[in-house]
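Biologist: I have a model here and plenty of labels attached to it. Could you walk me through how the labels are earned?

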Amino acid sequence: MASTKSLLSFLLLTAAPLATAHSVIIQAVGDAGGLGMALGVDTSTPRDGTRRNPFQQDSTRFRGSARETVGETLRGGNNNVEAGTRAIMAEMGDVLPQVTRGGSIEMTLHQVNSDGAGPYTCRINSDGTGTSWTNIQVTTNVPGNPRTSRNRDGEATAFPLVASIPATQECTGTVAGQDNVCLVRCENRARAGPFGGIVPVQLVDDFAAAAAAGGNATVVDAADPAEEVRRRMARRSLAAQVRDSQLRLERLRKKAVALAEDLADPDVLAEILEELEY
């Protein structure tokens, strides 16, 4: 039994570097409201595991023919800006993330497994085509190894990722019937990646313009728009933290059950002790 288990452990360890890891931008909110997510995201994908299928199917990787543009997913192939933006609006509401010059885009990044970690860099495309990009500042980043973007402790966990919109930004794209569209691209440094996502956003001149856009519950309070946006973003952040805590508790429960079963087997216990000594 011990030799069989040792062989299985060896095969799993040697195969691990070949596995594809990912991350997904599952939500994005502009400083002036609106709600979105990254192109190619399927909200029905479960977020409580790390395997290729089903947990990585809607994660964007910047490889292949779309490496320099909008990336690809396992499930859908190359991302499509027009179709992807329409899908986002159908799922998340009629108003894309609304950003202002000098404002920000607050994203929730779900790290699927170890090399979907940070740090992330972000860039912006001004014409909605994704063919050219300009660096923008990341003010809140995802934890991870700065060279390899690996962090095993962050697997199946959601993190905030915030990027600044330049004070002189112009957005001239027309996508999915929406004008003044830019694309925000964020990616990590994983060797098997990069992994990340493309988020369509819409530039507005001020909070009043965002309120005039209407369409969903993200419209701000005209009496104090900045404070209302902060409150809404805080509520969304709290909800994401609650969901993350629930996922963590469930993972701990499963690990505890698995550990108890392993410790009951003398052969497995011996292997664990040998690995710890190594």
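Modeller: Happily, and helix 2 is a good place to begin: residues 81–92, twelve in number, reach 16 Å from the first C-alpha to the last, close to the 16 Å expected at 1.5 Å a residue. One caution on the source: this is a predicted model, where local features need pLDDT of at least 70, side-chain atom pairs count only at pLDDT 80 or more, and totals for chains, interfaces and linings use all residues. Residues are numbered from 1 along each chain as its sequence is written, and side-chain values use heavy atoms, with hydrogens and water left out.

Biologist: What makes residues 81–92 a helix, and where does the expected 16 Å come from?

Modeller: Helices are DSSP runs of H or I with at least four residues, strands are runs of E with at least two, and both are numbered from the N terminus. The twelve residues of helix 2 satisfy that minimum of at least four residues. The expected span is 1.5 Å times one less than the number of residues. Across the chain there are five helices and 14 strands.

Biologist: Which residues of helix 2 are buried, and how do you know that they line one face?

Modeller: Val81, Gly84, Thr85, Ile88, Met89 and Met92 are the buried ones. Down the helix axis, these buried residues fall within an arc of 135 degrees, so they line one face of helix 2. The arc is taken over the directions from the helix axis to the C-beta atoms. As background, an α-helix has 3.6 residues a turn, so residues three or four places apart point the same way.

Biologist: What do the buried residues of helix 2 pack against?

Modeller: Their partners are strand 1 (23–30), strand 2 (33–36), strand 12 (173–175), strand 13 (178–187) and strand 14 (195–203). Contact here means heavy atoms within 4.5 Å. Just after helix 2, Gly93 takes a positive phi of about 125 degrees.

Biologist: Why is Met107 called buried, while Asn180 is called partly exposed?

Modeller: Buried means under 20% relative accessible area, exposed over 50%, and partly exposed in between, using a 1.4 Å probe and protein chains only. Met107, in strand 7, has 1% relative accessibility, so it counts as buried. Asn180, in strand 13, has a relative accessible area of 40%, so it is partly exposed. Asn180 also has a positive phi of about 60 degrees although it is not a glycine. Over the chain, buried residues make up 46% of the 278 residues.

Biologist: Is Ser149 buried or exposed?

Modeller: Ser149 is buried, with a relative accessible area of 0%. Ser149 lies in the loop between strand 10 (138–140) and strand 11, and has a positive phi of about 55 degrees although it is not a glycine.

Biologist: What makes a group of residues a nonpolar core?

Modeller: The group has to be a set of buried Ala, Val, Leu, Ile, Met, Phe, Trp, Tyr and Cys residues joined through side-chain atoms within 4.5 Å. The largest such core has 44 residues, and Ile105, Met107 and Cys186 have the most contacts inside it. Strand 13 gives the most to this core, with five residues. Beyond four places in sequence, Met107 touches residues including Ala28, Phe159 and Cys186. The C-alpha atoms of Met107 and Ala28 are separated by 4.2 Å, although the two are 79 residues apart along the chain.

Biologist: How do you know that the side chain of Gln98 makes a polar contact with Leu96?

Modeller: A polar contact is a pair of N or O atoms within 3.5 Å; within protein, one must be able to donate a hydrogen and the other to accept it, and residues adjacent in sequence count only if both atoms are side-chain atoms. The Gln98 side chain reaches the backbone oxygen of Leu96 at 2.8 Å, which is within 3.5 Å. Gln98 sits in strand 6 (residues 98–99) and is buried, with a relative accessible area of 1%.

Biologist: Which peptide bonds are cis?

Modeller: One joins Asn53 and Pro54, with omega about 15 degrees, and Pro54 lies in the loop between strand 2 and strand 3 (60–61). Another runs from Gly118 to Pro119, with omega near 0 degrees, and Pro119 is in the loop between strand 7 and strand 8.
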